[in-house]
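User: Please take a close look at one part of this model, the open sheet and its edges. I would like one connected account.

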Amino acid sequence: VQLQASGGGLVQAGGSLRLSCTALGNIFGINFMSWYRQAPGNARELVASITGGGTTNYEDSVKGRFTISRDSAKNTVYLQMNSLKPDDTAVYYCNAGIRTTPARTFTTYWGQGTLVTVSS
């Protein structure tokens with residue numbers, strides 16, 4: 001199982017980006033899917049998460065600007081980022097709780113990270 005993230009890049013303040021993360025491999029089920037970010041010198045922090053039932057949770061600084069969604073048929077989670085600020089500059093990582101057979105418990109997997117740079 002692997003998570004492939006994409007969509008990062010360089011954008012001016014006020015602009016938008018959409019991140020995507022797809023889970024590939026032998027997947028029986030996915031419960032939560034999340035986005036984290038890590039800026040230079042900072043700890044990794046949770047940005048947004050979404051449960052299998054569609055319940056979402058956001059870090060306070062992104063509420064109203066970012067939207068997390070998922071396409072369960074495609075095993076993909078998205079992060080729509082609007083009104084971007086220089087403080088949003090970071091490497092963004094996706095993760096997901098995945099099980100590969102009905103008998104297994106869910107295991108957390110991480111994507112490789114995608115860099116988002118917001119210029120002022």
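Analyst: Two strands count as paired if DSSP finds at least two bridges between them. The model is predicted. In β3, Ala23 is the bridge partner of Leu3. That bridge belongs to the pairing of β1 with strand β3 (residues 17–24), which is antiparallel and extends over 5 bridges.

The sheet around this pair is open and has 4 strands, in the order β1-β3-β8-β7, with antiparallel pairing. β1 (2–6) and β7 (66–71) are the edge strands; each has a single partner strand, so one side of each has no neighbour in the sheet. On average, neighbouring strands of this sheet are turned by 15 degrees against each other, direction ignored.

At the β7 edge, 6 bridges connect β7 to strand β8 (residues 76–81), and the two run antiparallel. Here Ile68 has Leu79 in β8 as its bridge partner.

Back at the β1 edge, the two faces of the strand can be told apart. Leu3 and Ala5 lie on the covered face of β1, while Gln2, Gln4 and Ser6 lie on the uncovered one. In a regular strand, side chains alternate between the two faces of the sheet.

As for the surroundings, the protein chain has 11 strands and 0 helices. Its radius of gyration is 14 Å, close to the 14 Å that the globule rule gives for 120 residues, so the chain is as compact as a globular protein of that length. Buried residues account for 39% of the 120 residues. Of the contacts between residues at least 6 apart in sequence, 55% join residues at least 24 apart.

Technical notes. Residues are numbered from 1 along each chain as its sequence is written. This is a predicted model: local features need pLDDT of at least 70, side-chain atom pairs count only at pLDDT 80 or more; totals for chains, interfaces and linings use all residues. Side-chain values use heavy atoms; hydrogens and water are left out. Axes are lines fitted to C-alpha atoms, for helices over the stretch in contact, and angles run from 0 to 180 degrees between N-to-C directions. Buried means under 20% relative accessible area, exposed over 50%, partly exposed in between (1.4 Å probe, protein chains only). The radius of gyration is taken over C-alpha atoms; the globule rule is 2.2 Å times the number of residues to the power 0.38. Contact means heavy atoms within 4.5 Å.
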